[in-house]
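Me: I'd like a close look at one part of this structure, and how that part sits against its surroundings. Could you walk me through it, and then place it in the wider picture?

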Amino acid sequence: MIDRAARAIGRFAYRFRILMVIIGIALFGVVCYTQSLATISYTNDANGDTTVTDVFPEDTLVILVRNDEADGVIEYVKSLTEEGETKDEHILEVQAYYNTLGLEMTPSEIVGAMGMDGLSDGVSQEELSEYIGMVYYLYDTVEKTGESVADMSLVEFISIISGMDGADMSGETMALYDFVVFAGELLSNEQIGGIFSGFIGELGDVLTENLSVMEAGKAQLVGENYSRITLYINYVPESDEIYDFYDRISADLDGLTSEYYLIGNTAMSYELSKTFRSEYVIISIVTAVVIFVIVCLTFRKFSIPVLLVCIIECAIFITMSFEAMIGSSMYFIALIIVQCILMGSMVDYGILMSTYYREVRATKSKEEALPEVMTRSIRAILTSALVMIAVTFILGAAMSGALADILFTLGIGTVAAAVLVIFFLPSLLSLFDRLIMWDWYGAIKRRRAKKHGDESLPAETSDETSAIPEEPGGDIGSD
């Protein structure tokens, strides 16, 4: 039954070769346009996988900026999050040093932030605030003189504290991190640490316990050269709105800092959306040229690699067009993999059929050759194609996420390539028979030998088709 079907396809391909080629050219033109309408996704979330968004409903944008240029960027971020004309409602939260460990606090706010209001030893919250105000005063004094509190003597400590003279420090502010570090240094001083610890009671233990945590936390927010600002946003992933947001933020940061980096899933997809289309065109051209050269050197013909590359590219375009028609986005890694696999393996179908065509055509006419060519090649093509189609769709149904996208896309591409090779390639081979059978390499050798008067080669025409059976009622290669 397969043989009868193959012969029927061969006879159909010869009889309607012109119509099939016209349909093929029209199809190629249509899918060249429709494939440009396909939506390329760069994250799984944009393709329906909500595994990440179920746990982290907000998207995350991390801005890395040089420490010496961080102040300007911080003011800009504040303008996006604080009430005003520039406030962006899609920014839910900002996490950075300036509003966490570096947040300026009054003494009473420090007490609440450090969880000190429930401490024992008979020290009230008001008294703790006064003692913390003492630390503020001491910090300001030491900062002005440039001395180290760790090396301060008891006399110097008493001299500075006595200078407070009832100063009200309740409204003064100090960064939480600076307070913890400075207080830790104060407690580590052998001469005054014990005295100060006696004032604040269990507060000393709290500060000691939190010092290492604070240092580790700052290291995550402020590095040796760069500071990190994290924005939690709720834009729709890979939407025009979030790309406009990234365009605006990038333009603003360009004017504020000489060097910055945007990091995150959407930042990655934003960068890819700017370059992937053009890079994919380059990938397609390079792949097509490499396949063309390899097949051309193998067959020593230009026509066969041109036809095969066009057919496989058409299969890829059909795959992208199909995704566009059903309203699904195509994962960019899936597209690259389909390009590589179809170009690397599906072209074998065309090579197999083209090889059989040249062999059979050497002894038979075009009308007689196509049915036999299809009979010889149909089993190998169907076996390979059906195995790949079955495997990709079955595994795709069993998998999820990016892997399922890749498998389904590859399965659709394989179906398209197999259909094109079986139903359109025979008509192309028949219609361009003269080019397919012309031995340009042998013709060049014979011309060169004739030019140099080499009598060892037989005197024959440069066209290999002179040895091929003519078509009934016409010249070789005529339609």
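Reply: One cut-off before we start: a residue is called buried when its relative accessible area is under 20%, exposed when that is over 50%, and partly exposed in between. Also keep in mind that this is a predicted model.

Let's zoom in on helix α4, which runs over residues 70-81. This helix has 12 residues and reaches 16 Å from its first C-alpha to its last, close to the 16 Å expected at 1.5 Å a residue. Which residues of α4 are buried? They are Ala70, Val73, Ile74, Tyr76, Val77 and Leu80. These residues cover an arc of only 160° around the axis, so they sit on the same side of α4. There's a general rule behind that kind of pattern: an α-helix has 3.6 residues a turn, so residues three or four places apart point the same way.

So what covers that side? The cover over the buried residues of α4 includes three strands, β2 (59-66), β3 (91-95) and β6 (226-233), plus helix α11 (240-256). Take the helix partner: α4 and α11 pack at an angle of about 145°, and their axes are 10 Å apart. The crossing of α4 past α11 is right-handed. If you want to pick out the residues on screen, α4 brings Gly72, Val73, Tyr76 and Leu80 to the meeting, while α11 brings Arg248, Ile249, Asp252, Leu253 and Leu256. Val73, Tyr76 and Leu80 are worth a second click, as they are among the buried residues of α4 and also among those that meet α11.

Now follow the chain on to helix α12, residues 265-299. Thr266 lies in this helix, and with 4% relative accessibility, under the 20% cut-off, it counts as buried. Setting aside residues up to four places away in sequence, Thr266 touches Asp59, Ile242 and Tyr246. Tyr270, also in α12, is buried too, at 7% relative accessibility. With neighbours within four places left out, Tyr270 is in contact with Tyr243, Tyr246, Asp247 and Ser250. Tyr246 therefore turns up in both contact lists, as a partner of Thr266 and of Tyr270. Tyr270 and Tyr243 are 27 residues apart in sequence, yet their C-alpha atoms are 6.4 Å apart in space.

Val289 is found in α12 as well, but at 46% relative accessibility it counts as partly exposed. From Val289 to Val309 is 20 residues in sequence and 8.7 Å in space, C-alpha to C-alpha. For an exposed residue, try Glu130 in helix α6 (residues 125-145), which has 56% relative accessibility. The C-alpha of Glu130 is separated by 7.6 Å from that of Met169, 39 residues apart along the chain.

Stepping back, the protein chain has 19 helices and 8 strands, and 44% of its 479 residues count as buried. Among contacts with a separation of 6 or more, 78% come from residues 24 or more positions apart. The accessible surface comes to about 24300 Å², with 58% of that belonging to carbon and sulfur atoms.

For another helix to set beside α4, look at α16, residues 401-423. α16 has 23 residues and reaches 34 Å from its first C-alpha to its last, close to the 33 Å expected at 1.5 Å a residue. Of its 23 residues, 18 are buried, so α16 is largely enclosed by the rest of the structure.

Terms used:
Residues numbered from 1 in each chain as written. Predicted model: local features only at pLDDT ≥ 70, side-chain atom pairs only at ≥ 80, totals over all residues. Heavy atoms only, no water. Helix = DSSP H or I, 4+ residues; strand = E, 2+ residues; numbered from the N terminus. Expected span 1.5 Å × (residues − 1). Buried < 20%, exposed > 50% of the residue type's maximum accessible area, 1.4 Å probe, protein only. Contact = heavy atoms within 4.5 Å. Areas by Shrake-Rupley, 256 points an atom, 1.4 Å probe, with all protein chains shown as cover. Arc of directions from axis to C-beta. Axes fitted to C-alpha atoms, helices over the stretch in contact; angles between N-to-C directions. Left-handed = near helix turned anticlockwise from the far one by under 90°.
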